[in-house]
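Please open the model in a viewer with selection by chain and residue range enabled. The tour below proceeds stop by stop, naming what to select and then what is found there.

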Amino acid sequence: MQAKNGYFKNNFLALVLILPTLVILSLFLYYPTIKTFILSFYQVAFLGLKKVFVGLENYKILLTSSEYLQIFKNTFIFVVWSVGLSLAIGLGLALLANHKVKGKRIYRLLLIWPYALPPAVAGVIFLFMFNTQTGIINYLLNHLIGQKWAWLSNPTLAMAVVILASVWKAIGYNVVFYLAGLQNIPGDVLEAALIDGASAWTRFWKITFPLLSPMTLFLLVMNTISAFFDSFAFIDLLTKGGPAGSTTVLIYSIYRDGFEYFKTGLAAAESVFLFGCVVILTLIQLKCSQKMVHYAR
Amino acid sequence: MRRFLLVTILILASAIPVWAKKIKVTFWHAMGGSRTAFIQRMVEDFNYTHPQIEVTAEHKGSYRDTLNAAILAFKQGKAPNIVQIFEVGSQLALDSKIFMPFQDLVKPTDYAMLDDFIKPVANYYKIKGKFNSIPFNSSNPILYYNKTLFKKAGLDPNNPPKTFKEVIEACKKLKQAGIPYGITWPLHSWFVEQWIAEQGALLANNENGRKARATDIYVDSPAMKRIMSWWKTLYDKGYYAYSGKPEDWDGANNLFVSGQAAMLITSTSDVTIMQNAAYEHNFELGTAFLPVPDGIERNGVIVGGASLWVTKGHSPQVLEATKKFLLWFTNTENEVRWHKGTGYFPVRESAVEVLKIQHWFDKNPAYRAAFDQLLSTKTNRATQGALLGMFPELRTIITDAVQKIFAGTPIDQALAEADKRADAALAKYNRSVQ
C-alpha cells in the first residue's frame, strides 16, 4: 500500500511507530477517562468494594448543593484573576526586559526562576511569608502602618494570597514566551510607525499587541489549564480549602472528596465537570482566535 | 578450567545462606520526622533477634496517605501485612473488610499480653469486646505552658489554669504583661471532640455508634455550644491565636516555642520535641491537664493516635510471623522505649510499672501530665469516642463551623447548619455500606 502524500511511503511503518504512544495514551489517559465517566454514575463505598448505581444523583448534588455552587464560584474567581494578572504582568515585564539595558541577560534569568520552583516549595514560602503572627509581610506591615492583617483566616485575603502565589509562579513562563514573541516582531514596522508620529501607547496597542496575538492565545490556553489544575499545591499548603471553604476550588474538592472522604463517585462526577469546563473554555478561546489572532504571513 | 569450576562452586556455596527463606512481613506506617528512624531501629532489632523473619517498615506519609496506599495495594492484591490506621479511621477499616481482627491471631498463651493493655486504651480499640487492632501509639491532648512567661505575668508557675474561666483570667494577666497571645492550639476538630468527652457528652447516637451503627450526630448539643462560646470569647479578646491555616499543628507549636503564646494545647506525642525546644529557647516548660468547662466533673479524654491492623488473606505461616512481630513491637520494653523517645503514651500496665520503678516521671515531670490524665479518665461511652465512617468529613464540617463563628456567624446558627450537613453526610455514608 503506497501513501499518496505524507512523510512515510509505507502506511504500516507509520502505524507501527505510533503504536507505543497510542498504547501508553490508551492505558493512562483514554481508559481512565472512560472509567471515570462511568464511575460518576455510581456511589462507591470505601475501597470500591460495593457500587450502587445512582444515575445522575452525583451531578444533581453538584448543581444544586450550596457548597458546590460556592466551589464553582471560587474556581471562577481564582481562574479569571490568576490568568488575567499573570498574562498582564508577564507582558509588562517582557516589554521591559526587551529593552537594551545593562544586565538584561541576568534580569531575564531571574524572571524565569519562580517558574522552575516546585509548587510545593513556592507554597511553603508563601505560607511562611503570610503567617499572621510571625510572617515577614505582617512584620513589615506592622512597622509601616501598625497593623497585622489576617492573611489566611480572612476569606477575601486568603483568596488574594492564593491568587498571588499562583500568579507569581506563572509569570516566568509568560515572560519567556512573550520575550520570544517580541523579538519576532519586525523592527521596520515599528520604525515606520515611529516616523509617522505614533505615540508609544498607539504603537503598542495597534502594532505590538496584535502581532503578539498568536502568543497571547497560546499563553491564554496554557495558563487557564494551569490555573485549573496546578493550583492544588497552593491551596493544600496555604489554606486547606480556606476559611470556611472560601478557597476551595474544583481540583482541591476532587482530591478531598476522593482521597479524604472516599466519595469516589462524587469525585468522578466533579472530574467530568472539570474536564468539560476546560474543554469548553479552550474551544471558546480557539473560536475567538479566528477573529482576533493575526498570524504573520 | 578446573579452577574456574572451583571458584564458581565456592561463590554459589557462599550465597546459600541468602537462599534460606525468610518469612517476609511488610509494615506501613505514618510516623514521620525523627520517628521514622526510631521505628527503623526497632524493626532492625527485631530482624536481628528473629533471623527467620524479615520485617520491612515503610513510611507512607500522613495517616490518610498510608490508608489510601493500603487500599490501592489491596486492590492490586499486594496488600502490606500491617497497616497503621488513625483512631477515627477504625470504622472505615472495619467496613473495608480487608482486615482481620487481631484477637483471632492470638493463642491462649498470648492472652496475658492482651490483658496487659491499659483500660482506656483497650476500651477504645476493642470493638464489641474484641481487639480488632493492636494499640501502639496513643496520645491525648495536654496543656503546655511557658513557666518563665507565667512568672513574668505574675501567675503561679506551679498552678496552671484548669478550667475555661481560669484560662481567660490567665490570658488577661498575660496580655497585661505584654505577651502577644495567651493561648494557642491548632484549629482542629480533635480538640473539640476531647472537650465533648470531658463533659461526659456523646458525639453521636446509639451510644456514640458503639452499640449499633450511628445515624445521628450531635453537632449542636449544649456541650458543643459551651465549647464554641468559650473559644469565640478567647478569639474576640485576642487571647487565642492561630496561624490562619486549619489543622496547622506546626503553626501552633511555632507560636508557643517562639514565645508569642504562653500556653499551647496539643498532643502529648510532642513532649520530647517541646522539651528540646524549651532548652534551646531558654524557657521552662510545664505541662498540665486539658482545661475543662467550669462546673462539670472532669470525665476524661479520648485516646488519640493510631493502632496497627492486620490484613487478611495470608498464609498461616506469615500470619504467625506477623503476630510475633506485633506482640514484640508493642511489648513492655519497646513501649517504654517508644514512650521515652516520643512522649506517646505507654499503653501497657507493665510498661507503666517499669517507668515508675525507674522514677521516670519524677525525673521528667513534663511526661507526667498525659499519663495521669489518661489514668484518671472514667470508662464510659463518652471517653470511648465515637465510631463514624465519615469522620474525616465531619472534622472538616466542624472546622468550617468554627471559622464561620470566628467570622461573625451566631453560634446557634452555625452549629445548626453544621449539624444538618453532618447528618446528611452520615446518611449518605450509611447508605453506601448497607
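In what order do the 5 strands of the open sheet in chain B stand, and what is the sense of the pairing? The order is β10-β9-β11-β8-β12, and the pairing is mixed. The coordinates belong to a predicted model, which applies to every stop that follows.

**Stop 1: the sheet of chain B**

Begin at the borders of the sheet. Select β10 and β12 (285–288) of chain B, which are the edge strands, each pairing on one side only.

Next, select residues 181–184 of chain B, which form strand β9. This strand pairs in the parallel sense with strand β11 (residues 261–267) of chain B, over 3 bridges. Strand β10, residues 240–241 of chain B, is likewise a parallel partner of β9(B), here over 2 bridges.

Individual residues make the register visible. Display T184(B): its bridge partner in β11(B) is L264(B), and in β10(B) it stands opposite A241(B). Then display I183(B), which has Y240(B) opposite it in β10(B).

**Stop 2: helices on the sheet**

Keep the strands shown and add residues 164–176 of chain B, helix α9. Helix α9(B) packs on the sheet and touches β9 and β11 of chain B. The direction of α9(B) makes about 140 degrees with that of β9(B).

Now add α13(B), which lies across β8 (141–146), β9, β10 and β11 of chain B. Relative to β11(B), helix α13(B) runs at about 145 degrees.

**Stop 3: two domains in chain B**

Colour chain B by its domain assignment: domain 1 covers 16–138 + 305–372, and domain 2 covers 141–300 + 390–432. Their C-alpha centres lie 29 Å apart. Across the boundary, 11 residues of domain 1 of chain B are in contact with 12 residues of domain 2 of chain B. To inspect the domain 1 side, select α16 (332–342) and α19 (368–375) of chain B, each of which supplies at least two residues there. By class, this side of domain 1 has 7 nonpolar, 4 polar and no charged residues.

**Stop 4: where chain B touches chain A**

Show both chains together. How many residues does each chain bring to the contact? Chain B gives 29 residues and chain A gives 25 residues. On the chain B side, select α4 (63–75), α5 (90–96), α13 (249–257) and α21 (391–407), the elements that give two or more residues. Of these, α21(B) gives the most, with 6 residues. The side of chain B that touches chain A comprises 10 nonpolar, 10 polar and 9 charged residues. Helix α13(B), already selected at the sheet, thus appears again at this stop.

**Stop 5: helix pairs in chain A**

Hide chain B and turn to chain A. Two packed helices are described by the angle between their axes and the distance between the axes.

Select helix α3 (residues 66–98) and helix α10 (residues 213–229) of chain A, whose axes come within 9 Å and cross at roughly 135 degrees. The two helices are therefore oblique to each other, and their crossing is right-handed. For the residues in contact, display F78(A), V79(A), S82(A), V83(A), S86(A) and L87(A) in α3(A), together with L219(A), L220(A), N223(A), T224(A), A227(A) and F228(A) in α10(A). This contact has 8 nonpolar, 4 polar and no charged residues.

Move on to helix α13 (residues 264–292) of chain A, which packs against helix α1 (residues 11–39) of chain A at an angle of about 120 degrees, with the axes 8 Å apart. The pair α1(A) and α13(A) is therefore oblique, and the crossing is left-handed. T36(A), F37(A) and L39(A) in α1(A) meet T264(A), G265(A), A268(A), S271(A) and V272(A) in α13(A). By class, the contact has 4 nonpolar, 4 polar and no charged residues.

Finally, keep α13(A) and add helix α12 (residues 250–260) of chain A; these two pack at an angle of about 160 degrees, with their axes 8 Å apart. Why are α12(A) and α13(A) called roughly antiparallel to each other? Angles over 145 degrees count as roughly antiparallel, and α12(A) and α13(A) therefore qualify. Their crossing is left-handed. Among the residues in contact are I251(A), I254(A) and D257(A) of α12(A), and L266(A), E270(A) and F273(A) of α13(A). This contact has 7 nonpolar, 4 polar and 2 charged residues.

Terms used:
Residues are numbered from 1 along each chain as its sequence is written. Chains are lettered from A and ligands numbered from 1 in the order in which they are written. This is a predicted model: local features need pLDDT of at least 70, side-chain atom pairs count only at pLDDT 80 or more; totals for chains, interfaces and linings use all residues. Axes are lines fitted to C-alpha atoms, for helices over the stretch in contact, and angles run from 0 to 180 degrees between N-to-C directions. Helices (H or I, at least four residues) and strands (E, at least two) are DSSP runs, numbered from the N terminus. Angles under 35 degrees count as roughly parallel, over 145 as roughly antiparallel, 65 to 115 as roughly perpendicular and the rest as oblique. A crossing is left-handed if the near helix is turned anticlockwise from the far one by less than a right angle, and right-handed if clockwise. Two residues are in contact if their C-beta atoms, placed from the backbone, lie within 7 Å. Ala, Val, Leu, Ile, Met, Phe, Trp, Tyr, Cys and Pro count as nonpolar, Asp, Glu, Lys and Arg as charged, and the others, Gly among them, as polar. Domain bounds come from an automatic or database domain assignment. Two strands pair if DSSP finds at least two bridges between them.
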